[in-house]
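Please open the structure in the viewer and display the chain as a cartoon. The stops below proceed from the overall fold to the interior and then to the surface.

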Amino acid sequence: MAARTALLLLLGAAAAPGPARGSQGDREPMYRECLSRCERQNCSGAALRHFRARQPLYMGLTGWTCRDDCKYECMWQTVRLYVQGGHKVPQFHGKVSLNAWFWSTVFHTRDTAVTEKLDYFCASAVVLHSVYLCCVRTLGLQRPALISIFRAFLLLFLACHISYLTLVRFDYGYNMAANAAIGLLNLAWWLRWCLRNRPRLPHVWKCAAVVLLLQALALLELLDFPPVFWVLDAHALWHIGTIPLNVLFYSFLMDDSLYLLKANSDLCKAD
C-alpha cells in the first residue's frame with residue numbers, strides 16, 4: 001500500500017505545474033526581448049498557420065509549439081552574442097542544451113514541465129532505491145522488521161521531496177543538493193561494506209568501482225559547461241558515462257547472487 005501511494009504521489013505531482021526558478025540565460029534581457037518579439041511575429045494568425053504547415057511531423061507528434069521554437073532560436077541567438085563578446089555562455093531552461101531511463105529518454109525527447117518532473121523524480125527514486133538495496137544487502141534479510149521500517153522511511157522521504165518540489169517550489173538547487181547528499185550516503189555505505197568484505201568476497205571490487213565512478217561522473221552535473229561542439233553537454237556526457245557502469249554493476253550482482261546461492265546451499269547441506 002505504501003509503495004502504491006508513493007507511486008500515485010509521484011505521477012500526480014509530475015502533472016502539477018508548480019513554480020520553477022529560471023536559469024541565468026532565461027533571465028537575460030536580450031533573450032527575453034527576442035522571445036517576446038518572436039512570439040508576436042510568428043505565433044499568431046497567418047504566421048502561426050504557416051509555422052504549423054511547415055512543421056515536420058515528428059515535431060508535431062512530440063508537442064513542439066511555436067513558443068518552443070522561439071525559445072530555441074532565441075537561445076542560440078543569445079549564445080552567439082555571448083561567444084562574440086568573449087563571455088561565458090549562460091545556462092538556459094535548467095540546462096545548456098537539449099532515470100528512470102525511460103522517463104529520462106522521454107524528457108530528453110520532449111522537454112515539458114511534466115516530463116521534466118517525471119525525469120527528476122524518477123532519478124531521485126533510483127538513488128533512494130540504491131540506498132535501500134544497500135541496506136538489504138548489508139544488514140541482511142534476517143532483519144525484516146528493520147528493513148520494512150527503513151523502506152517506509154525512504155518512501156516517506158521521497159513523498160516529502162516530491163511534495164516540496166511540486167507544491168512549494170521547483171528548486172533545482174535543492175534537488176541537486178538532496179540527490180548529492182543521498183548519493184554520498186550511498187557511496188559511504190557501499191564502500192564500507194565492500195572494504196569489510198573484500199577478503200572473502202573478491203567480486204566486491206566491481207561494486208566499489210561502480211559507486212566511486214558514479215560519484216566522479218556526478219561532477220559533470222555539478223560542474224556544468226557549454227556543450228562540446230554545441231552537441232554534447234555535461235548532462236549528455238554523464239548519461240554516456242553511466243552506460244558501461246550498468247554493465248559492471250550487473251556483473252557484480254550476478255557474482256554476488258551466485259555467492260549467496262552457494263552459501264545458502266552449503267548451509268542447507270550442513271543442517
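With the whole chain selected, the secondary structure of this predicted model comes to 12 helices and zero strands. Read from the N terminus, the order of elements is therefore α-α-α-α-α-α-α-α-α-α-α-α. Of the 271 residues of the chain, 36% count as buried. Switching to a surface display shows about 16,200 Å² exposed by the chain, with carbon and sulfur atoms supplying 67% of that area.

Next, select Phe121 and Phe170. Within the largest nonpolar core, which has 16 residues, these two touch the most other members. Colour helix H8 (113-139), helix H9 (144-168) and helix H10 (172-197) as well, since each supplies at least two residues of this core. The greatest contribution is that of H8, with seven residues. A second core, separate from this one, has 15 residues; Leu35, Cys43, Met59 and Trp76 are included in it.

Move then to helix H11 (residues 204-222). The end C-alpha atoms of H11 lie 28 Å apart, which agrees with the 27 Å that its 19 residues should span at 1.5 Å a residue. Show side chains for Val204, Lys206, Cys207, Ala208, Val210, Val211 and Leu217, which are buried in H11.

Finally, select Val228, Phe229, Val231, Leu232 and Ile240, which make a nonpolar surface patch of about 490 Å². Where does Leu232 have its place? Leu232 is in the loop between H11 and helix H12 (234-270). Because its relative accessible area is 33%, Leu232 counts as partly exposed, between the limits of 20% and 50%.

Technical notes: Residues are numbered from 1 along each chain as its sequence is written. This is a predicted model: local features need pLDDT of at least 70, side-chain atom pairs count only at pLDDT 80 or more; totals for chains, interfaces and linings use all residues. Side-chain values use heavy atoms; hydrogens and water are left out. Helices (H or I, at least four residues) and strands (E, at least two) are DSSP runs, numbered from the N terminus. The expected span of a helix is 1.5 Å times one less than its number of residues. Buried means under 20% relative accessible area, exposed over 50%, partly exposed in between (1.4 Å probe, protein chains only). Accessible areas come from the Shrake-Rupley method with a 1.4 Å probe; for residues, only the protein chains shown count as cover. Patches are made of residues with over 30% relative accessible area and no salt bridge: like charges are joined within 9 Å, nonpolar side chains (Val, Leu, Ile, Met, Phe, Trp, Tyr) within 5 Å. A salt bridge is a side-chain nitrogen of Lys or Arg within 4 Å of a carboxyl oxygen of Asp or Glu. A nonpolar core is a set of buried Ala, Val, Leu, Ile, Met, Phe, Trp, Tyr and Cys residues joined through side-chain atoms within 4.5 Å.
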